[in-house]
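Work through the exercises below with the structure open. Each task is followed by a stepwise solution.

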Amino acid sequence: MTEIPTLSGVPFLGNIHDIDSTDTHASYTRVANVYGEIFRYHTVGQSVVVVNSHDVYDGVCDERYYEKRPNQGALFHMRNGLGDGLFTSFNDEEAWGVAHRALMPKFGPLSVREMFGEMYDVSCQMLSKWARQGPTHPIDPVDDLTRLTLDTIALSAMDSRFNSFYREKNHPFVDALQFFMAESGRRQFRPQFVNDYVYRASTKKYWQCIEIMRNIALQAIKERREHPSSKNDLLNAMMRGKDPKTGKGLTDENIINNAITFLLAGHETTSGMLSFFFVLLNGNPRAYKKAQEEVDTVIGEAQLTVEHLSKLPYITACLREAVRLWPTAPGSRVCPKSQNDADYPLLLGKKQYKINKDDVIQWNMLKVHRDPLVYGEDADQFIPERMLDENFNKLPRNSWKAFGNGMRGCIGKDFAWQEGMLNIAMVLQNFDLQSTDPSYTMRVRQTVTLKPIGYTMTARLRKDMT
Ligand code: HEM
């Protein structure tokens, strides 16, 4: 058995000086570079164990012993806005089971294929904007890809047009969401009375942002109630669907919570994934050339169809590799499941680290995904070949986990993947991209998810658009 290395801290506030509440994952990575595959830190009233290697993370993925419990950390504060929606509910909360079983079929590969038309529509809007702006206009990929993914989830899931490409500024949902997410991250490091009485202005804004997101979701639901549609979309599934196990439908409150959840989870992470993808691909001319050649060979000048997407193995590998290096949802938390003192300590990993009943376990995919024991000494480099099917399928279990684990893993994975592949294929088919600063090195902003910052590129039409 091995004791977990523990950071020494200050009384009451614990490791407030080691873990930056605005940039936790950079802090976790910095500390991991000194302490190694696992360490423990303390924050207000809590002991958090951070897991950084594949071997230890593999143990944490065992759902017999560990479960997601959103009663602490950023998730606890996100629950103020997302309530018992899928992302922030407890495993044993009835609302989670009902919504999970009722909505799962809408996220299966066949249902997602049916959303190709909406995804294509919004991607065309982005491409038209880039074409109109001309070949020298600096594009911040995060801005436009956020527009893309927000409009795509709103259109595919709720038949709502957010028209972000026709607005100068962000859609109000995006601004509200960004503050809400960042503030949820910060609130976890402050005692409740400090949030309530010291950070009064931030707390007020936080609740206003929740109100804005709620009203936008309510509006979409109201619209559908006033103008019912026969569309086979997610909103109808939430409003009419039944859980095959209990026969129950979603409550009105749960529909609102899930509508906000889908708008949030359905765009924030996908825009980060695509932004990192374009930064990495543009920085790697050899991979760029191969990816574009693949598009030219498989699609040529034809209009993209859903069938093309499964015939792009090299681009698939590039996207897997981008999400390995920069998983946009870089960590989550679980707690030991058993309430029985006799079951402790639990033991984790080859070194048998001791886990106590009250520990909270946080994983850091920025390190797990770069574990040299799995990916070799060049784990920090962008090498798409290692993600081609023949190599990807041989990776050890739980070594590529950008979409979370087990029953609480991402319900929207196929949606995000199709949307991402479609957009990449259309961009490479129609444009030559170039970074405006060839010496750019990755800088990252964390809200709860990650995005690259300070990066711009140009997009030159290769010929008239397809
Ligand atoms: C859960 C990642 C796209 C909806 C998760 C989790 C991760 C994740 C890591 C698990 C979180 C945890 O353990 O606490 C991603 C990434 C995406 C993406 C990297 C894009 C690149 C999407 C999309 C949707 C979505 C497009 C919806 C259309 C959800 C929901 C959950 C979830 C509802 C909670 C599921 C549950 O607990 O039952 N996602 N996601 N995600 N994701 Fe995604």
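**Exercise 1. Locate C410 and describe its surroundings.**

Solution. Step 1: C410 sits in the loop that runs between α18 (389-392) and α19 (413-430). The model is a predicted one. Step 2: consult the record. UniProt, in an unreviewed entry, puts the feature "binding site" at C410. Step 3: list the contacts. Neighbours within four places in sequence are left aside; C410 then touches F403 and G404. Step 4: judge exposure. C410 has 18 C-beta neighbours inside 10 Å, so it counts as partly exposed. The buried class begins at 20.

**Exercise 2. Which residues other than glycine have a positive phi, N163 and N398 being the cases to examine?**

Solution. Step 1: take N398. This residue lies in the loop between α18 and α19. Its phi is positive, about 65 degrees, and it is not a glycine. With 17 C-beta neighbours inside 10 Å, N398 is partly exposed. Step 2: take N163. Its phi is near 50 degrees, again positive in a non-glycine residue. N163 belongs to the loop between α7 (141-158) and α8 (172-187). It has 14 other C-beta atoms within 10 Å, so N163 is partly exposed.

**Exercise 3. Give the strand order of the five-strand open sheet, and explain its edges.**

Solution. Step 1: read the order. The strands run β1-β2-β7-β4-β3, with mixed pairing. Step 2: find the edges. β1 and β3 (66-67) each have a single partner strand, so each has one side without a neighbour in the sheet. Step 3: check the pairings.

- β1 (residues 38-43) and β2 (residues 46-51) are antiparallel, over six bridges. R40 is bridged to V49 in β2.
- β2 and β7 (residues 360-363) are parallel, over four bridges. V51 faces W363 of β7.
- β3 and β4 (residues 333-336) are antiparallel, over two bridges. Y66 has P336 in β4 as its bridge partner.

Step 4: inspect the turn. Two residues separate β1 from β2 in a hairpin. In that turn, G45 has a positive phi of about 70 degrees.

**Exercise 4. How do helices α10 and α12 cross, and what residues meet there?**

Solution. Step 1: recall the two quantities required. Packed helices are described by the angle between their axes and the distance between the axes. Step 2: apply them. The axes of α10 (residues 200-226) and α12 (residues 252-265) come within 9 Å and cross at roughly 110 degrees. Step 3: classify the angle. The range 65 to 115 degrees counts as roughly perpendicular, and α10 and α12 are therefore roughly perpendicular to each other. Step 4: name the residues. α10 supplies M213, R214, A217, L218, A220 and I221. α12 supplies I255, I256, A259, I260 and L263. Step 5: sort the residues of this contact by type. Ten are nonpolar, none is polar and one is charged.

**Exercise 5. Where is D20, and how far is D20 from V295?**

Solution. Step 1: D20 is in the segment before α1 (24-35). Step 2: beyond four places in sequence, D20 is in contact with A26 and S27. Step 3: D20 has 15 C-beta neighbours inside 10 Å, so it counts as partly exposed. Step 4: D20 and V295 are 275 residues apart along the chain, and their C-alpha atoms are separated by 42 Å.

**Exercise 6. What kind of peptide bond joins Y344 and P345?**

Solution. Step 1: omega is about 0 degrees, and the bond is cis. Step 2: P345 falls in the loop between β4 and β5 (346-348).

Terms used
Residues numbered from 1 in each chain as written. Predicted model: local features only at pLDDT ≥ 70, side-chain atom pairs only at ≥ 80, totals over all residues. Pairing = 2+ DSSP bridges. UniProt positions renumbered as here; feature names shortened; annotations may be inferred. Buried ≥ 20, exposed ≤ 12 C-beta atoms within 10 Å, placed from the backbone. Contact = placed C-beta atoms within 7 Å. Axes fitted to C-alpha atoms, helices over the stretch in contact; angles between N-to-C directions. Parallel < 35°, antiparallel > 145°, perpendicular 65-115°, else oblique. Nonpolar A, V, L, I, M, F, W, Y, C, P; charged D, E, K, R; others polar.
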